[in-house]
Structure formats: C-alpha cells, structure tokens
Amino acid sequence: MITLQSVTVLNGQTVDFQIASPEEKTIAAKGLTLLPAVIDPHVHFRTPGMEYKEDWLTGAKAAIQGGCSLVFDMPNTQPPTITASLLQEKKALIDQQLKKVGIPLRYELFFGADKQHLSEISQVKGQVIGIKIFMGCSTGNLVIDDDESLEAVFSLAAEQDMLVAVHAEDEHLIQERKRLYKGAMNYAAHSLLRDVEVATHAVAKAIALSKRYGTRLYILHVSSAEEIALIRAAKEQGLAVFAETTPHHLFFNTAAYETLEGRAVVNPPLRDKHHQPALWKAIHEKVIDTLGSDHAPHTQAEKAKPYGECPSGMPGIEFMLPLLLNAHHEGLLRLDEVVSLTSARARSIFRLAPQEDWVLVDLNKTQRITHTASKCGWTPYLGLTLCGWPVYTILRGHCFPLT
Ligand code: DOR
Ligand code: ZN
C-alpha cells in the first residue's frame with residue numbers, strides 16, 4: 001500500500017490517500033497535488049527499425065518523467081505496422097524492452113492503414129487502439145492518397161466499430177505546392193509548402209467520410225483556426241469526431257524557425273502566431289479534446305541537415321504536463337482542463353478501462369529544462385523555465401520518484 005499523507009486532490013481538499021501497491025511506502029505529500037497519470041495518445045517510439053532515434057527503454061523513461069503511464073504508439077516504424085503478424089512482432093519487441101528497463105509502461109498500438117493490406121484490418125480488431133491513416137506523407141512511406149482506399153478504410157472501420165485516427169494533410173496539395181513553389185528552400189518554407197489549406201482539405205474530407213460511414217474519427221495534431229472551425233461544425237452536427245492538438249502547436253509558432261532551425265520542422269508544420277489563441281479557445285470550448293505529444297524523435301545530426309533532408313518531428317512527451325502546469329500557473333488553463341486534456345477525454349474517446357495510475361505534481365516547483373531522457377538527446381523546450389512539475393509517477397502501484 002502507498003499512503004500519500006496530506007495530499008491535495010482535484011477539488012482542493014487535503015486528504016490522506018491510499019493506493020493499492022506491492023510496496024509499503026508513505027509519502028509526505030503536503031503541498032503536492034494528485035492528478036490522474038497522463039495518457040499520451042500519440043507517440044513515435046521508433047521500434048522496430050529506428051531504435052537509434054528512440055526505443056522503449058528511453059521512451060518509457062521519458063514517459064515516466066512526464067507523469068505519463070499510458071502511450072499510444074504510431075505505426076510508421078520500419079517495417080510499418082500494417083499486418084497482424086507485424087503487429088504481434090512489434091508487441092513482442094516492446095514487451096522485451098520494457099522488461100529490460102523495468103518500467104511496466106502501459107501501451108496501445110495504432111494499426112497502419114495500407115492500400116495493399118486492407119483485409120488485415122478486421123483481423124486486428126480488439127488488438128489495436130485504432131487505425132491510423134496518413135492522408136499525406138510524413139516520416140516513413142505510409143500514405144493513403146486516393147479516395148477509393150480512404151472510403152474502404154472508413155467503411156471497414158465503421159463495420160468493425162474501430163476508431164480511425166487521421167494525419168490530415170492532403171498529399172496531392174503538398175505535391176502541387178512543391179511543384180509551384182519558387183521561394184527559398186529554407187526551414188521556414190515548410191509552413192508554406194504544407195499550408196493551412198493542405199490541412200483543412202484533408203480534415204474536411206475525413207469528416208465527410210466519418211459522416212457517410214458513421215466512423216468514429218480522431219483528428220491528430222490540429223494546428224489551425226480553420227481546422228477548428230470544421231471540427232466545431234462536425235461536433236455541432238453530433239458526429240463522433242474528436243480532436244487532438246500538440247504542445248508544439250500551442251507553445252510555438254513560425255517565429256521558432258529563427259531559433260530552432262531544423263528542429264522546428266514538423267508535420268503538420270508550425271503555424272503563424274494568430275492560430276495559437278484559436279487553439280486555446282478550442283480547448284476551453286471543448287472543441288479540442290486531447291493533447292498528444294506527437295513525440296517524434298530524430299537525432300540532432302538529422303535535424304541539422306538542410307531543408308529537404310531534415311526529417312520532420314520533435315520529441316516532447318516529458319514536457320507536455322509541465323508545459324500545461326506552467327500554463328495553469330500563468331492562468332491560461334484550469335487544473336480540471338489539464339486533467340481533461342491529458343487523461344479524462346482520452347479515456348472516454350478510446351473506451352479505456354478505469355484509471356488506476358497517478359501523478360503527484362508540485363504546482364509551485366520552478367525548474368529549468370536542461371536535459372531529456374529521450375535517446376535523441378534534445379528537445380525544443382531546452383532552456384525553458386517552467387513552474388509546475390511532476391514529482392512522482394505511480395504506475396501499476398509502483399512509485400517512480402522523478403528528477
Ligand atoms: O513531424 C512528424 N513526425 N509528423 C509525423 O506525422 C510523423 C512524425 C515522425 O514519425 O517523425
Ligand atoms: Zn505523429
């Protein structure tokens with residue numbers, strides 16, 4: 001049994017709180033606040049095939065540091081997770097790695113939709129958290145860029161009562177932008193080549209398909225005011241459409257190319273600063289449901305390559321909760337909104353079992369970000385000083401003190 005003495009709970013009361021555990025432990029928790037552990041519905045931990053960027057040893061450490069006890073991993077690995085047998089192989093590798101590091105991190109996997117393997121979808125029902133469609137190319141070669149295959153996935157998913165998660169950027173528009181673009185090929189060009197219309201075109205198409213087939217739809221990394229308008233309208237129609245945004249779209253904008261250079265390159269790209277207040281408003285109005293880190297590590301050497309060779313993506317799982325707690329400290333977000341974004345909404349959208357894991361946070365702890373547990377060794381948040389940090393993650397009754 002773990003006993004938390006004088007811990008503050010969400011309604012502001014101070015209580016002694018007990019958590020079932022194989023360990024006998026008492027924590028003097030006066031001044032600490034107890035929240036449900038973070039669910040990160042969007043990570044790229046890179047197993048199999050790209051373990052030089054991240055694996056589940058380092059990924060799990062980064063998750064725990066961020067107060068996170070459950071992650072949903074994406075299928076754009078090498079090979080991609082596009083068949084039932086590849087799914088089993090991936091699970092076996094992950095289990096081995098988690099055993100090795102001694103962190104019983106909870107995880108779920110997304111299944112990758114692929115034109116050549118549509119018949120696999122019905123075979124993995126019950127074994128995956130949903131089906132991921134890349135409507136535009138990103139890291140890896142997974143993409144579904146024709147309407148016929150898209151319709152097939154939405155319809156199959158609806159039949160199987162499986163959720164579809166979309167990376168909503170339209171591949172044809174991206175290619176057209178690349179053909180027509182005459183400007184400088186610098187990092188900032190990324191936000192022009194994958195402009196807001198690239199995203200809205202795909203979001204509108206995904207919502208229309210969700211409506212036609214009755215498919216439960218989760219729109220990943222929403223980054224713009226225009227996407228939000230479409231999602232708001234879909235929700236008002238009563239469609240089963242859910243939306244995620246990311247820490248980097250909330251806290252960075254296109255000005256970050258100046259300082260972060262290639263490290264700011266991500267899909268969908270960072271947007272002009274006027275989109276940030278729209279994201280915050282959508283959070284308060286519950287148009288945005290969840291926050292996903294889209295933890296997408298690449299090495300520093302890869303991110304230092306010139307535009308065109310520099311891969312898209314940035315790591316962030318460790319700092320998602322601290323960034324939100326700091327936003328709470330600054331009056332941008334209520335604590336119940338933090339919980340809603342980081343666990344409660346995901347639990348309901350993804351129909352998860354009742355919550356058992358916890359994070360103890362110190363809302364008054366101020367700390368500068370100087371390092372990361374991620375194997376890639378960098379984070380775009382390096383150097384930031386934040387107020388509000390997790391100090392213990394309690395996962396399956398095991399208590400992990402954080403540094
Ligand atoms: O920037 C991105 N990086 N966006 C994605 O969709 C994939 C991710 C990755 O896997 O690197
Ligand atoms: Zn992603």
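Begin the tour of this predicted model at Phe251, which counts as partly exposed at 26% relative accessibility. Next, add Trp280 to the selection; with 11% relative accessibility, Trp280 counts as buried, because the cut-off for that class is under 20% relative accessible area. Display both rings: Phe251 and Trp280 form an edge-to-face aromatic pair, 5.7 Å centre to centre and with 75° between the planes. Colouring by secondary structure shows Phe251 in helix α8 (residues 247–251) and Trp280 in helix α10 (residues 275–284), so that the pair links distant parts of the chain, 29 residues apart.

The next stop is another aromatic contact. Select Phe17 in strand β2 (residues 14–19) and Trp358 in strand β13 (residues 358–368); these two residues are 341 apart in sequence, so their pairing ties together parts that are remote from one another along the chain. The geometry of Phe17 and Trp358 is edge-to-face, at 5.1 Å centre to centre and 75° between the planes. Phe17 is partly exposed, having a relative accessible area of 22%, whereas Trp358 is buried at 18%.

Aromatic pairs in the model number eleven. To see a group of rings, select Phe72, Phe110, Tyr218 and Phe350, which form one aromatic cluster.

Now change to a cartoon view and select strands β5 to β12. Eight strands make up an open sheet with parallel pairing, and their order is β5-β6-β7-β8-β9-β10-β11-β12. At the edges are β5 (38–43) and β12 (290–291), each of which pairs on one side only.

Within this sheet, zoom in on strand β10 (residues 217–219) and strand β11 (residues 241–245): the two run parallel and are joined by three bridges. For a specific point of reference, select Ile219, whose bridge partner in β11 is Ala243.

Then add helix α3 (residues 147–159) to the view. Helix α3 lies across β8 (130–134), β9 (164–167) and β10, and it runs at about 170° to β8.

The last stop is the metal site. Select the zinc ion (ligand 2) together with His42, His44 and Asp294. The protein donors are NE2 of His42, NE2 of His44 and OD of Asp294, at 2.0 to 2.2 Å from the zinc ion. Along the sequence, the spacing of these donor residues is H-x1-H-x249-D. Both His42 and His44 are buried.

Terms used
Residues are numbered from 1 along each chain as its sequence is written. Chains are lettered from A and ligands numbered from 1 in the order in which they are written. This is a predicted model: local features need pLDDT of at least 70, side-chain atom pairs count only at pLDDT 80 or more; totals for chains, interfaces and linings use all residues. Side-chain values use heavy atoms; hydrogens and water are left out. Donors are N, O and S atoms within 2.8 Å of the metal (3.2 Å for Na, K and Ca); water is not among the atoms, so sites may look incomplete. Buried means under 20% relative accessible area, exposed over 50%, partly exposed in between (1.4 Å probe, protein chains only). Rings of Phe, Tyr and Trp (its six-membered ring) pair if their centres lie within 6.5 Å; planes under 30 degrees apart count as stacked, over 60 as edge-to-face and the rest as tilted. Helices (H or I, at least four residues) and strands (E, at least two) are DSSP runs, numbered from the N terminus. Two strands pair if DSSP finds at least two bridges between them. Contact means heavy atoms within 4.5 Å. Axes are lines fitted to C-alpha atoms, for helices over the stretch in contact, and angles run from 0 to 180 degrees between N-to-C directions.
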